[in-house]
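Visitor: I am new to this structure and would like a close look at a single part of it, the nonpolar core. Could you take me through that part slowly, together with what lies around it?

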Amino acid sequence: TLFPYTTLFRSGEIFDHKKMTAACNTLPLGTWVLITNLRNGKTIKVKINDRLHHKTRRLVDLTKAGAQKLGFIKQGLTRVKVEVVQYPPKGKSRKKV
């Protein structure tokens, strides 16, 4: 489901399905990660800027642009590997909400 453009991420950024961002409950907001699709080996770099519903069992949820680059837009879900590239600087959106 695509959200309207007025939707804000938990980080305060405006939602844009064309950006390379992701939602994650375990990493601090502002963290940069590499996401690798384990089925085809494609990798992208995204910024964690939102949270998932607290009951979800998924590790990350990508924007449409991220899913397209990783080649699983039609499947909807895929297995991925998540590697932290850079944590946010201390005092800058490092909260774990």
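Guide: What follows begins with the chain as a whole, then turns to the core, and ends with the sheet and its outer strand. Please keep in mind throughout that this is a predicted model, and that the values below are computed from it.

The secondary structure of the protein chain consists of one helix and five strands, and, read from the N terminus, these elements follow one another as β-β-β-β-α-β. Of the 97 residues in the protein chain, 34% are buried, while the accessible surface amounts to about 6600 Å², with 52% of that area belonging to carbon and sulfur atoms. If one takes the contacts between residues at least 6 apart in sequence, 66% of them join residues that are at least 24 apart.

With that background, we can turn to the core itself. In soluble globular proteins, nonpolar side chains tend to be buried together. Here the largest nonpolar core has 14 residues, and those with the most contacts inside it are Val33, Ile35, Ile44, Val46, Ile48, Leu62 and Leu70. Strand 2 (32-37), strand 3 (43-50) and helix 1 (64-70) each contribute at least two residues to this core, and strand 3 gives the most, with three residues.

Isoleucine 44 is a good residue on which to pause, and it lies in strand 3. Its relative accessibility is 7%, and because the cut-off for a buried residue is under 20%, isoleucine 44 counts as buried. Leaving aside neighbours within four places in sequence, isoleucine 44 is in contact with Met20, Val33, Leu34, Ile35, Leu62, Gly66, Lys69 and Leu70. One of these partners, glycine 66, stands 22 residues away along the chain, yet the C-alpha atoms of isoleucine 44 and glycine 66 are separated by 7.2 Å.

Leucine 70, another of the residues with the most contacts inside the core, can be read in a similar way. Not counting residues up to four places away in sequence, leucine 70 touches Ile35, Asn37, Asn40, Lys42, Thr43, Ile44 and Leu62.

Next comes the sheet to which these strands belong. Five strands form an open sheet in the order 4-1-3-2-5, with mixed pairing. Strand 4 (61-62) and strand 5 (80-86) stand at the edges, each having a single partner strand, so one side of each is left without a neighbour in the sheet. Strand 2 and strand 5 pair in the antiparallel sense over six bridges, and in this part of the sheet tryptophan 32 has glutamine 86, in strand 5, as its bridge partner.

Threonine 36, which lies in strand 2, gives a view of the surroundings on this side. Threonine 36 is buried, with a relative accessible area of 14%. Setting aside residues up to four places away in sequence, threonine 36 touches Gly41, Lys42, Thr43, Arg79, Val80, Lys81 and Glu83.

Two of the residues just named also meet each other. Side chains of opposite charge can pair when their charged atoms come close. The side chains of glutamate 83 and lysine 81 form a salt bridge, at 3.9 Å from N to O, and a search of the whole structure finds one salt bridge. Glutamate 83 counts as partly exposed at 31% relative accessibility, and lysine 81 likewise counts as partly exposed, at 42%.

Key:
Residues numbered from 1 in each chain as written. Predicted model: local features only at pLDDT ≥ 70, side-chain atom pairs only at ≥ 80, totals over all residues. Heavy atoms only, no water. Helix = DSSP H or I, 4+ residues; strand = E, 2+ residues; numbered from the N terminus. Buried < 20%, exposed > 50% of the residue type's maximum accessible area, 1.4 Å probe, protein only. Contact = heavy atoms within 4.5 Å. Areas by Shrake-Rupley, 256 points an atom, 1.4 Å probe, with all protein chains shown as cover. Core = buried A, V, L, I, M, F, W, Y, C linked by side-chain atoms within 4.5 Å. Salt bridge = Lys/Arg side-chain N within 4 Å of Asp/Glu carboxyl O. Pairing = 2+ DSSP bridges.
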